[in-house]
Amino acid sequence: MTTGKFITFEGGEGAGKSTQVKLLAERLRDAAYKVVETREPGGTRRGEEIREFLLSGEAKNFGPMGEAVLFSAARAHHLNEVIRPALERGDWVLCDRFSDSTAAYQGAAGGVKPGLIRALERVAVDRNMPDMTFILDLPPEVGLKRTAQRNGGGGERPDRFEAMDLHFHEALRAAFLRIAEEQPRRCIILDALQAESAVAEDVWEAIVTG
Ligand code: T5A
């Protein structure tokens, strides 16, 4: 593990992506690697503004295609400002969601045609696909329960996508599993029903075995 890698974490709501980004970052730093932790949408000041616009539901009227364009615009900026410079320095980049989320949320579950999703990916991502993607898989009911608990037992309102019905979340799960099946060299499916520490061990094993 001499130079940094670009690692993304994907999956449905509450699958444990943020938790695993943090745990892997700690482990890599303990091993003296430089690590950039980031997320999508977000990662830059402008990206965080687009995040707020999208997750508040204000962009919902643009429809899934308009939202896909906004996610992709934020992604192109994020790649230019944060991800590529970090990789050029030799740092590791751990990103909570990336282009597979657009393919699953706006594409498979949102109804934007695969050709349009691929065209957006070509424009926004080009050859900067992740080296490795962890797909955290679990039944959507479990993930949504975890996010509701984390959001103060229902005190905080669900965001634009958490608020979608179970059918949408089941379509997401199937979409992520399909992506993993289509791109087995890049994607690793993890059982996200396991304890945090067990998921972290699976992540670490995949990292060290390359
Ligand atoms: N989106 C994003 C799109 O529609 N298109 C796109 O292109 C992109 C990039 C982002 C939203 O935007 C959508 C997808 C999303 O809806 P977000 O707030 O970043 O919004 O939402 P998520 O990425 O879904 O993140 P969450 O914070 O909701 O879930 P995580 O990160 O998967 O889960 P995490 O780690 O915060 O854990 C949730 C809770 O579960 C516990 C944690 O302690 C926490 O309380 N937990 C576990 N409990 C039991 N066992 C485990 N193994 C656990 N792991 C974590």
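A polar contact is a pair of N or O atoms within 3.5 Å. In this predicted model, a polar side-chain atom of Thr102 lies 2.6 Å from an oxygen atom of the ligand. That pair therefore falls within the 3.5 Å limit of a polar contact. A polar side-chain atom of Ser18 lies 2.5 Å from a ligand oxygen atom. Gly16 takes part through its backbone: one of its polar backbone atoms is 2.9 Å from an oxygen atom of the ligand. The ligand exposes 1000 Å² when taken alone, and the protein buries 85% of that area.

The shell around the ligand was examined next. It is made up of 27 residues. Lys17, Ser18, Thr19, Thr102 and Arg150 are the closest. Five helices each supply at least two residues of this shell: H1 (17–30), H2 (45–55), H3 (63–89), H4 (99–108) and H6 (140–150). The largest share comes from H4, with four residues. Sorted by class, the shell holds ten charged, nine polar and eight nonpolar residues.

The ligand site was then compared with the pockets of the protein. The space that the ligand takes is the largest pocket. The volume of this pocket is about 1000 Å³. Its lining counts 43 residues, and Glu13, Gly14, Lys17, Ser18 and Arg150 are the closest to its centre. Lys17, Ser18 and Arg150 are also among the residues closest to the ligand. The elements that each supply at least two lining residues are H1, strand S2 (35–39), H2, H3, H4, H6 and helix H8 (196–209). H1 gives the most to this lining, with six residues. In the ligand shell, by contrast, the largest share belongs to H4. The lining of the largest pocket divides into 17 charged, 13 polar and 13 nonpolar residues.

The second largest pocket has a volume of about 370 Å³. It is lined by 18 residues. Ala103, Pro114, Ile117, Ile179 and Glu182 lie nearest its centre. Two or more lining residues come from each of H4, helix H5 (114–124) and helix H7 (166–182). H5 provides the largest share, five residues. By class, this lining has eight nonpolar, eight charged and two polar residues. H4 thus appears in both settings: it supplies residues to the ligand shell and to the lining of the second largest pocket.

Enclosed space was also surveyed. The structure holds two cavities of 30 Å³ or more. About 120 Å³ of space lies in the largest cavity. Its lining has 13 residues, with Gly11, Gly12, Leu138, His169 and Arg173 nearest the centre. Strand S4 (132–137), H6 and H7 each supply at least two of the lining residues. H7 gives the most, with four. Seven residues of this lining are nonpolar, three are polar and three are charged.

The second largest cavity contains about 40 Å³ of space. Its lining consists of Ser72, Arg75, Ser99, Thr102, Ile117, Leu120, Glu121 and Ala124. Two of these residues recur elsewhere. Thr102 also places a polar side-chain atom 2.6 Å from a ligand oxygen atom. Ile117 is also one of the residues nearest the centre of the second largest pocket. H3, H4 and H5 each supply at least two residues of the cavity lining. H5 has the largest share, four residues. By class, three lining residues are nonpolar, three are polar and two are charged.

Two backbone features remain. Most residues other than glycine have a negative phi, and most peptide bonds are trans. The peptide bond from Glu40 to Pro41 is cis, with omega near -10°. Pro41 lies in the loop between S2 and H2. Ala32 has a positive phi of about 75°, although it is not a glycine. Ala32 lies in the loop between H1 and S2. H1, S2 and H2, the elements named here, each supply at least two residues to the lining of the largest pocket.

Methods
Residues are numbered from 1 along each chain as its sequence is written. This is a predicted model: local features need pLDDT of at least 70, side-chain atom pairs count only at pLDDT 80 or more; totals for chains, interfaces and linings use all residues. Side-chain values use heavy atoms; hydrogens and water are left out. A residue is near a molecule or strand if one of its heavy atoms lies within 4 Å of it. A polar contact is a pair of N or O atoms within 3.5 Å; within protein, one must be able to donate a hydrogen and the other to accept it, and residues adjacent in sequence count only if both atoms are side-chain atoms. Accessible areas come from the Shrake-Rupley method with a 1.4 Å probe; for residues, only the protein chains shown count as cover. On a 1 Å grid over the protein atoms alone, a cavity is a set of points where a 1.4 Å probe fits but cannot get out, and a pocket is an open set with protein on both sides within 12 Å along at least five of seven lines; lining residues have an atom within 4 Å of a point. A molecule sits in a cavity or pocket if more than half of its atoms lie within 2 Å of its grid points. Ala, Val, Leu, Ile, Met, Phe, Trp, Tyr, Cys and Pro count as nonpolar, Asp, Glu, Lys and Arg as charged, and the others, Gly among them, as polar. Grid points are joined across faces, edges and corners, and a volume is the space filled by probe spheres set on the points.
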